[in-house]
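Reader: I should like to understand how the descriptive terms for a structure are justified. May I put some questions once the structure is shown?

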Amino acid sequence: MIYLQLFYEFFKIGLFAIGGGMATIPFLYALAERMPWYTAQELVNMIAISEATPGPTGINMATAAGFAAAGITGSFVSTFSLVLPAFICIVMVSRYLTKFYKSRRIQKAFYCLRPVVTAQIAAALLLVMQATLLYSGKNGWNAISYKAIILYGALFVLVRKYKLHPVVYLFIGGFTGWLLAL
Amino acid sequence: MISLWQLFYVFARIGFFSFGGLTMLPFLQREIVDKLHWIEGQELLDLYALAQCTPGIIAVNTATYIGYKKRKISGACVATLGIVLPPLAAILLVSILFAQALQGETAHHILTGVRVGVCALISNTLVDLWKKSVKDKLTFALCICAFIVATVWRPSPVYMTVFSTLLGGVVLAGMEKENL
């Protein structure tokens, strides 16, 4: 039953992805490998759509992934399963949480968790870049797409320098991709 | 008393006009603190910090917290639905339209370029995250080790999250107590 599977997987992501939308990417990538729902390349397309569409990126990615897996119903299941753990957590422990999150124990836990989340996003990014900047089906130096790497470098510099809306950079990327026939 | 409809409407607007992540806070500040006076500035900062430590999506958690504070469970439900439904509808619309448009040679070139853009955007977030999370030798070592583990063995992210949380909350906090 695909809806139950979706519920289970996205509930798990909602429970264990701490630190916002980007923290869900390693989970979504792992899902791409384990499940036949979408490929790694499709995941990158979904991230693009999520960055370019209004709303929190984490929600958008869950909706897109659910849609890819099981259509409209799937998108509702994945999105609400993602939100549910935090909702339960907030409604049940909200009263104690204010005291709780200032405790040294929690501060220490997050002190260790944050760099690990950063590392996991970096590892996922590496895989995404492998799929994007290298031609599939070629080996060694032939596999490197120099055009894509130069575009990546230029866009990265632009993103760091001008904090414009993400859709601007995606548009520049798409337009250049069309011009250079990437 | 804030009506449920109003809670829904305000968060639906925020859900639709914010793009998540770090752009959320100024938006919430303007709408909920300055314009509506639902909570005070300091309280918003506290709730936002709490939302970051709660599993899940930060923007959604902030909405759930504020909704719960104002109208208990029904408020939490309505605020959460408010921030979730508009993006959900937008993505569905885009996905349905895109499924047809994304075929052919030209689309392939454009999409490859867009994916390169995604790599640049994630890299940008990564630099910000690195600056915020790697503060000293220990966090540096943790980050490098976790990266190697995640790249070579690729365990489920669940284990890495649980392990690092326990390492900090139990081992590190425990060691500090002994030293005191």
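Author: The accessible surface of chain A comes to about 8200 Å², and 69% of this surface belongs to carbon and sulfur atoms. Such areas are computed by the Shrake-Rupley method with a 1.4 Å probe, and for residues only the protein chains shown count as cover. The model is predicted, so that local features need pLDDT of at least 70 and side-chain atom pairs count only at pLDDT 80 or more, while totals for chains, interfaces and linings use all residues. Residues are numbered from 1 along each chain as its sequence is written, chains are lettered from A and ligands numbered from 1 in the order in which they are written, and side-chain values use heavy atoms, with hydrogens and water left out.

Reader: What makes up the secondary structure of chain A?

Author: Chain A has 7 helices and 0 strands, where helices (H or I, at least four residues) and strands (E, at least two) are DSSP runs numbered from the N terminus.

Reader: Why is α2(A) called oblique to α5(A)?

Author: The axes of helix α2 (residues 25–34) of chain A and helix α5 (residues 104–133) of chain A come within 8 Å and cross at roughly 45 degrees. Angles under 35 degrees count as roughly parallel, over 145 as roughly antiparallel, 65 to 115 as roughly perpendicular and the rest as oblique. The crossing angle therefore makes α2(A) oblique to α5(A).

Reader: Which residues make this contact?

Author: I25(A), P26(A) and Y29(A) of α2(A) meet Q120(A), I121(A), A124(A), L127(A) and V128(A) of α5(A), contact meaning heavy atoms within 4.5 Å. These residues divide into 7 nonpolar, 1 polar and no charged. Ala, Val, Leu, Ile, Met, Phe, Trp, Tyr, Cys and Pro count as nonpolar, Asp, Glu, Lys and Arg as charged, and the others, Gly among them, as polar.

Reader: How do you know whether K108(A) is buried or exposed?

Author: Buried means under 20% relative accessible area, exposed over 50%, and partly exposed in between (1.4 Å probe, protein chains only). K108(A) has 13% relative accessibility and therefore counts as buried. K108(A) lies in helix α5 of chain A and touches G168(B), G169(B), L172(B), A173(B) and E176(B), not counting residues up to four places away in sequence.

Reader: What is A68(A) called on that scale?

Author: A68(A) has a relative accessible area of 38%, and is therefore partly exposed. A68(A) is placed in helix α4 (residues 57–101) of chain A.

Note on methods
Axes are lines fitted to C-alpha atoms, for helices over the stretch in contact, and angles run from 0 to 180 degrees between N-to-C directions.
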